[in-house]
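Open the model in your viewer and keep the sequence panel beside it. The stops below give a selection each time, followed by what is there.

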Amino acid sequence: MSHPAAPTPVADGVYRLDTGLNRTNHTAVYLLVDHDELAFVDCGAANSVPGLLHALSTLGKTPAQVRYILPTHVHLDHAGGAGALLAACPQAELVIHPRGRDHLVDPSRLQQGATAVYGEAGFREIYGALTPAPAARTHSADEATPLSLGQRQLHFLDTPGHANHHGCLFDAHSGSLFTGDTFGLSYREFDRADGSPYILATTTPVAFDPERWRDSLQRMMALDPARVCLTHFGALENPQAHVAQLQASLDTHVGLALRAEAEVDPAQRPDWLREQLDTQLSSQAARHSGLAPARCRQLLALDIELNAQGLEVWLRRRAKARDSAGSSPQPRH
């Protein structure tokens, strides 16, 4: 993989790195710099690691200065490179949500799941080989975990909803909240001329939980961050002005899923969800950005597919819970 674009300053001591994963302006990693200590928030795939190390050198930094590697969750576009990056940074600790730690120490299940989707050759082309993280250098974080970087403190926030092992990181010094996927997706191609972003929820498998996600958003906004730093893609200033758009997107996804649950044959549901999301998200993005719907559909193709899969998994989980409780869905009018 070629080296990413030069590090982009976001705030005091905060840089955005474009991994180039999937496409340019799709998957970011954030580098925090305070005195002689560094931290990566998310790390892309294993194929992203050479570019991250190159970015350090362009800033006059070295891998030995990296104190923390902080994946927001274990999905491979966020944490696939964790073990390889840890191996390259001899003083670093890998810190992650407790539900995600074992998956990075032994990434075999992550690799099996992704290989089933992409095939062996496709998996290696996109993500590269997964390197196990040494257990002694891999630690669980909770909201009381102190994370000191230079002269600043990083605060870990448990933020389930997109995934049950998702955690955000807040840097009070710069006011930056590193949101992984919990503030949704916002690709720069969809920005209006005045900079207004288009934001949508990401409901990928397997642990989408809309109620817990809404609670996570409330707790995140209670920190009153100056900006949210999305992995997909980039920093959004004044997030309080944008959170309603994300909540509306979450409602749209849930509404489609519940409609499918009530009205669509389960065998036809995955295709129905995919078609509905394709139509709605592409048209929303086109209205917001002024881009042609076909171009919006192209840019959102992977997200539409994954969101449809995630909603179907959520509906199956709901059905299993009802069966366990001996109840049935109520008719909707």
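Which residues of helix 6 are buried? In this predicted model, select residues 210-221, the range of helix 6. The buried ones are Pro 210, Trp 213, Ser 216, Leu 217, Met 220 and Met 221. Turn the view until you look down the axis of helix 6: these buried residues fall within an arc of 125°, so they line one face of the helix. Now colour Glu 211 and Gln 218, which are exposed on the other side of helix 6. From its first C-alpha to its last, this helix of twelve residues reaches 17 Å, close to the 16 Å expected at 1.5 Å a residue.

**What helix 6 packs against**

Keep helix 6 selected and add its surroundings. Its buried residues pack against four strands, namely strand 9 (152-158), strand 10 (167-171), strand 11 (176-180) and strand 12 (227-230), and also against helix 7 (243-263) and helix 9 (293-325). Helix 6 lies across strand 9, strand 10, strand 11 and strand 12. Its direction is at about 160° to strand 9.

**The sheet of six strands**

Next, show strands 8 to 13 as a cartoon. They form an open sheet in the order 8-9-10-11-12-13, with mixed pairing. Its edges are strand 8 (147-149) and strand 13 (234-237), each of which pairs on one side only. From one strand to the next, the twist averages 25°.

Zoom in on strand 10 and strand 11, an antiparallel pair with three bridges. Here Phe 170 stands opposite Leu 177 of strand 11.

**Cys 229**

Move to strand 12 and select Cys 229, which is found there. Is this residue buried or exposed? Cys 229 has a relative accessible area of 1%, and is therefore buried. Show what surrounds it, leaving aside neighbours within four places in sequence: Cys 229 is in contact with Val 10, Tyr 30, Ser 176, Leu 177, Phe 178, Thr 179, Gly 180, Gly 234 and Ala 235. Among these contacts, Leu 177 is the residue that stands opposite Phe 170. For a distance check, pick the C-alpha atoms of Cys 229 and His 165: they are 18 Å apart in space, with the two positions 64 residues apart in sequence numbering.

**Helix 7**

Select residues 243-263, which are helix 7. At 1.5 Å a residue its 21 residues should span 30 Å, and the end C-alpha atoms are 30 Å apart, so the two values agree. The buried residues here are Val 243, Leu 246, Ser 249, Leu 250, His 253, Val 254, Leu 256, Ala 257, Ala 260 and Glu 261. They cover an arc of only 155° around the axis and therefore sit on the same side of helix 7. To see what covers them, display helix 6, helix 8 (269-289) and helix 9, which are included in that cover.

**The sheet of seven strands**

Now hide the helices and show strands 1 to 7. This is an open sheet with mixed pairing and the order 1-2-3-4-5-6-7. Strand 1 (8-11) and strand 7 are the edge strands, each pairing on one side only. The average twist from one strand to the next is 25°.

Follow the sheet from strand 4 to strand 7:

- Strand 4 (residues 37-41) and strand 5 are parallel and share four bridges; Leu 38 has Val 66 of strand 5 as its bridge partner.
- Strand 5 (residues 66-70) and strand 6 (residues 93-96) run parallel and are joined by two bridges; Tyr 68 is partnered by Glu 93 in strand 6.
- Strand 6 and strand 7 (residues 138-140) are parallel, with three bridges; Leu 94 stands opposite Thr 138 in strand 7.

Bring back helix 1 (residues 49-58), which packs on a sheet by touching strand 2 (14-18), strand 3 (28-34), strand 4 and strand 5. The direction of helix 1 makes about 145° with that of strand 4.

**The whole chain**

Finally, zoom out to the full chain, which has nine helices and 13 strands. Its C-alpha trace spans about 60 × 45 × 40 Å along the principal axes. The radius of gyration is 20 Å, which agrees with the value near 20 Å for a compact globule of 333 residues. Colour by burial: buried residues make up 51% of the 333. Of the contacts with a separation of 6 or more, 67% are between residues 24 or more positions apart.

Definitions and conventions: Residues are numbered from 1 along each chain as its sequence is written. This is a predicted model: local features need pLDDT of at least 70, side-chain atom pairs count only at pLDDT 80 or more; totals for chains, interfaces and linings use all residues. Side-chain values use heavy atoms; hydrogens and water are left out. The expected span of a helix is 1.5 Å times one less than its number of residues. Buried means under 20% relative accessible area, exposed over 50%, partly exposed in between (1.4 Å probe, protein chains only). The arc is that of the directions from the helix axis to the C-beta atoms. Contact means heavy atoms within 4.5 Å. Two strands pair if DSSP finds at least two bridges between them. Axes are lines fitted to C-alpha atoms, for helices over the stretch in contact, and angles run from 0 to 180 degrees between N-to-C directions. The radius of gyration is taken over C-alpha atoms; the globule rule is 2.2 Å times the number of residues to the power 0.38.
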